[in-house]
Amino acid sequence: MMRGARGAALRAYHAVTRGASASASASGDAGAATTNAARRAIDGSSARAYATHTRVGVGSGFHGVRSFIRGGGGAERGGARASTAAPAPARVGARDDEARGGVQFPLSRLQRPYVTKTTMDEKNTVKSSSASSAYSAAAYDDNSDSATANLQAKLAKKDTYMLFHPQYDLRQVENVKPAHRTPIHVRDYLAYGAVQLARWGFDKITGYTPNKRLTTDGWLLRFIFLETVAGVPGMVGAMLRHMMSLRTLKRDHGWIHTLLEEAENERMHLLTFLKLREPGLTFRLAVLGAQGVFFNAFFMAYIVSPRTCHRFVGYLEEEAVRTYTHALHDIDSDGPASEWARTPAPMLAIKYWRMPEDATVRDVVVAVRADEASHSHVNHTLSSMGIRQTNPFHVGHTELPENFVEPPAGFVPEHCR
């Protein structure tokens, strides 16, 4: 039944277009309107094909769907509109808005123009009609297929949902050395003192000294515990600045994204080391207790003085650089950790830092140390800035100065002027 109705509509369309072409010199506007009405009749009868070719039915419009369900009433309504209103001007690359019920919107790059299932003869007939210029301009172009394929190929290259993180040349970051920012203000001394106290207590509990050689299991337990703590400040800072932006109805000046990158980067350190060792129940309970205490303490401290908290993190990351440097000395010596110079790196680390396939655990430690130096660089800079000063570490910033405790070259924080 649908095929018979479509055939009748096509015959009517051909008759009308031939009549319109013959009388175009006498009544061009009337012929164009009549041709548009005939084309709408064809479009109304092929509403099913139209709904099939549209990605989610957005382009079809509710009017065309109702026309198909009720038995093709939309064609008559479309014809009535064409007889009372002048046709819309042709727009190159746009769909026939009138045939969609009058709804107008721009085309998306990933959306194809509306095309009904017609034979080659029908397409040639449409192209031969001067009243169908807009329709033929909107016809499917083979080039749009290749453009869409190229765009999708580019999007497919982003094979991770991770936030931005630096990708290192291991030969360059091999030379990262511990550095220290001398305290200047009272908040600097408070932050530095808190870090030294926390390190002294943790070293006493674990029996760690800078001159002691640890086994691979000993290093992993220390790394895993420290990374569970190091992942807290970035998330707390980002959360509180996000809430402040909502509360004060003001912009954040780019801090939130950098702090979230830091939090995720520390979490990826943790997940990487967990590929090498799974801690037991007692260790997990210790992590639970430490996180409960540190999260709430840092949360309250950040509300009181964000600058002091960023300085605290800057000094904390200085200590992390020292710890990972000590681990590299153990790996490069004849100690128990020297096997990491030959142990293949976990695949998670290879994908995250985009390392060579033959990367070792030692290479992972080198990359983690560079990350910690970068976090120290960022937090020392943020601590010296005003809370409304624009963050200099834009997305894609990968520069790590040799003296990483100083601000980026050419940037002067507000409180260092």
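**Note on the predicted model: buried charges, nonpolar core and surface patch**

1. Arginine 181 sits in the loop that runs between helix H9 (170-173) and helix H10 (186-206). The model under discussion is a predicted one. Although placed in a loop, arginine 181 has a relative accessibility of 10%, and it counts as buried because the cut-off for that class is under 20%. Its contacts, leaving aside neighbours within four places in sequence, are with Asp188, Arg311, Tyr315, Glu318, His380, Ser384 and Val405.

2. Which residue forms a salt bridge with arginine 181? The partner is aspartate 188, and the closest N and O atoms of the pair are 3.3 Å apart. Aspartate 188 has a relative accessible area of 0% and is therefore buried. Arginine 181, at 10%, is buried as well. Side chains of opposite charge can pair when their charged atoms come close.

3. As to the overall make-up, the protein chain contains 17 helices and 0 strands. Of its 417 residues, 44% count as buried. Among contacts with a separation of 6 or more, 75% are between residues 24 or more positions apart. The accessible surface of the protein chain is about 22800 Å², and carbon and sulfur atoms account for 60% of that area.

4. The structure holds 12 salt bridges, and glutamate 319 deserves separate comment. Glutamate 319 belongs to helix H15 (residues 306-332). With a relative accessible area of 11%, this glutamate is buried. Not counting residues up to four places away in sequence, glutamate 319 touches Val195, Gln196 and Arg199.

5. How far apart in sequence are the parts tied together by glutamate 319 and arginine 199? These two residues form a salt bridge in which the closest N and O atoms are 3.0 Å apart. Glutamate 319 lies in helix H15 and arginine 199 in helix H10, so the pair ties together parts that are 120 residues apart in sequence. Both glutamate 319 and arginine 199 are buried.

6. Glutamate 319 also meets the side chain of arginine 322 in a salt bridge, at 3.1 Å from N to O. Here the two partners both lie in helix H15, 3 residues apart, which is about one turn of the helix. Is each of the two partners buried or partly exposed? Glutamate 319 counts as buried because its relative accessibility is 11%, whereas arginine 322 counts as partly exposed at 30%. Salt bridges with shared partners join Arg199, Asp203, Arg222, Glu319 and Arg322 into one network.

7. Turning to the nonpolar interior, the largest nonpolar core has 66 residues. Which residues have the most contacts inside that core? They are Trp219, Phe298 and Trp353. For phenylalanine 298, the residues touched, not counting those up to four places away in sequence, are Pro233, Val236, Cys309, Phe312 and Val313.

8. Valine 287 is located in helix H14 (residues 281-304). Its relative accessibility is 15%, so valine 287 counts as buried. Leaving aside neighbours within four places in sequence, valine 287 is in contact with Phe225 and Thr228. Valine 287 and phenylalanine 225 are 62 residues apart in sequence, yet their C-alpha atoms are 6.6 Å apart in space.

9. A nonpolar patch on the surface, of about 340 Å², is made by Met239, Met243, Leu246 and Phe295. Which helix gives the most to this patch? Helix H12 (residues 232-248) does, with 3 residues. Phenylalanine 295 lies in helix H14. The relative accessible area of phenylalanine 295 is 32%, and the residue is therefore partly exposed.

10. In summary, two points about charged residues may be kept in view when the model is inspected. The pair of arginine 181 and aspartate 188 forms a salt bridge, with aspartate 188 buried at 0% relative accessible area. Glutamate 319 forms salt bridges with arginine 199 and with arginine 322, and these residues belong to one network that also includes Asp203 and Arg222.

Notes: Residues are numbered from 1 along each chain as its sequence is written. This is a predicted model: local features need pLDDT of at least 70, side-chain atom pairs count only at pLDDT 80 or more; totals for chains, interfaces and linings use all residues. Side-chain values use heavy atoms; hydrogens and water are left out. Helices (H or I, at least four residues) and strands (E, at least two) are DSSP runs, numbered from the N terminus. Buried means under 20% relative accessible area, exposed over 50%, partly exposed in between (1.4 Å probe, protein chains only). Contact means heavy atoms within 4.5 Å. Accessible areas come from the Shrake-Rupley method with a 1.4 Å probe; for residues, only the protein chains shown count as cover. A nonpolar core is a set of buried Ala, Val, Leu, Ile, Met, Phe, Trp, Tyr and Cys residues joined through side-chain atoms within 4.5 Å. A salt bridge is a side-chain nitrogen of Lys or Arg within 4 Å of a carboxyl oxygen of Asp or Glu. Patches are made of residues with over 30% relative accessible area and no salt bridge: like charges are joined within 9 Å, nonpolar side chains (Val, Leu, Ile, Met, Phe, Trp, Tyr) within 5 Å.
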